[in-house]
Amino acid sequence: MKGTRLEFDGWIAGLGTSSGTRVVLGHWVRSPFGPFSDVMLERADGERLLLAPTRPIGDFVAGVYTFDQVRVVPVTVSVEGTSWAVGAGPLELRFTVGARGPLGLLLRAVPRPLAARPAWAALVDFPARLLPGVRTRGSSGPGRRGWYGALDLRPVTAASGAFGGNGLGPLAPVDPPVRFGFGSVPRSPALTRVVTTVELRGDRSSPWW
């Protein structure tokens, strides 16, 4: 039986830093909450932190993924050409994206309606697993499942930032993979255009049911 489906359309940036902190930015231009951005961090010691712009968004995301701590803070994202700047409470981050490669060009040819279908996510899940930690579908908490459809991919070529005033160091691979949900972002830092769907099945704890 098909449940209520919530669709999120935007970008996911995943990158590592030499300090061991790995960062996953979600920048959503369309969602059931309206446009918003949120940040997931996993520190070198394994602590998983969500930085969310509102309590309802924080509660929803924490019901889909797993965190040790959730903080509600202003989250801002500005994009100028290939440069992205992110501010989220204690986090300041800047990164630059490069030209898309063959995979990015291939993904741009995928029609958006096709990318949003669960059958498409099932089809591409196996080849996606060739990238360590990457999955395109899976369980997203009690009574929930989720899937991702990628529509573009560009490398992140440089990054700098600080958390709580402490520098994060230069760009590094996302290694080890982040542990927020059923899959990680690619090991090589990247910015991915995605349509993400969360299906709710019988879990009425969310105010967005």
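**Reading the assignments in a predicted model**

The secondary structure of this protein, taken from a predicted model, comes to four helices and 13 strands. Of its 209 residues, 45% count as buried.

Q: Why is Thr192 called buried?
A: Buried means a relative accessible area under 20%, and Thr192 has a value of 12%, so this residue meets the criterion. Thr192 lies in strand β13, residues 190-200, and, leaving aside residues up to four places away in sequence, Thr192 touches Gly10, Trp11, Ile12, Ala150, Asp152 and Leu153.

Q: What makes β7 and β8 a pair of strands?
A: Two strands pair if at least two bridges are found between them; six bridges join β7 (residues 83-88) to β8, and the two run antiparallel, so they count as paired. Within this pairing Trp84 stands opposite Phe95 of β8. The hairpin that the two strands form has two residues between them, and Gly89 there takes a positive phi near 60 degrees.

Q: How do you know that β8 also pairs with β10?
A: The same cut-off of at least two bridges applies, and seven bridges link β8 to β10 (residues 144-163) in the antiparallel sense, so this too is a pair. Here Phe95 stands opposite Ala159 of β10.

Q: What makes the side chains along β8 an alternating set?
A: Over residues 91-97, Leu91, Leu93, Phe95 and Val97 point to one face and are buried, whereas Glu92, Arg94 and Thr96 point to the other face and are not buried. Since buried means under 20% relative accessible area, the side chains on the first face belong to residues below that limit, and those on the second face to residues that are not.

Q: Why is the bond between Asp175 and Pro176 called cis?
A: The omega angle of the peptide bond that joins Asp175 and Pro176 is about 5 degrees, and the bond is cis. Most peptide bonds are trans. Pro176 is found in the loop between β12 (171-172) and β13.

Q: How do you know what confidence the predictor places in the protein, and where does pLDDT stay under 50?
A: pLDDT is the predictor's confidence in each residue, on a scale from 0 to 100; the mean for the protein is 86, with 83% of its residues at 70 or more. Over residues 203-209, however, pLDDT stays under 50, and for this stretch the model has 16 contacts beyond four places in sequence.

Conventions:
Residues numbered from 1 in each chain as written. Predicted model: local features only at pLDDT ≥ 70, side-chain atom pairs only at ≥ 80, totals over all residues. Heavy atoms only, no water. Contact = heavy atoms within 4.5 Å. Buried < 20%, exposed > 50% of the residue type's maximum accessible area, 1.4 Å probe, protein only.
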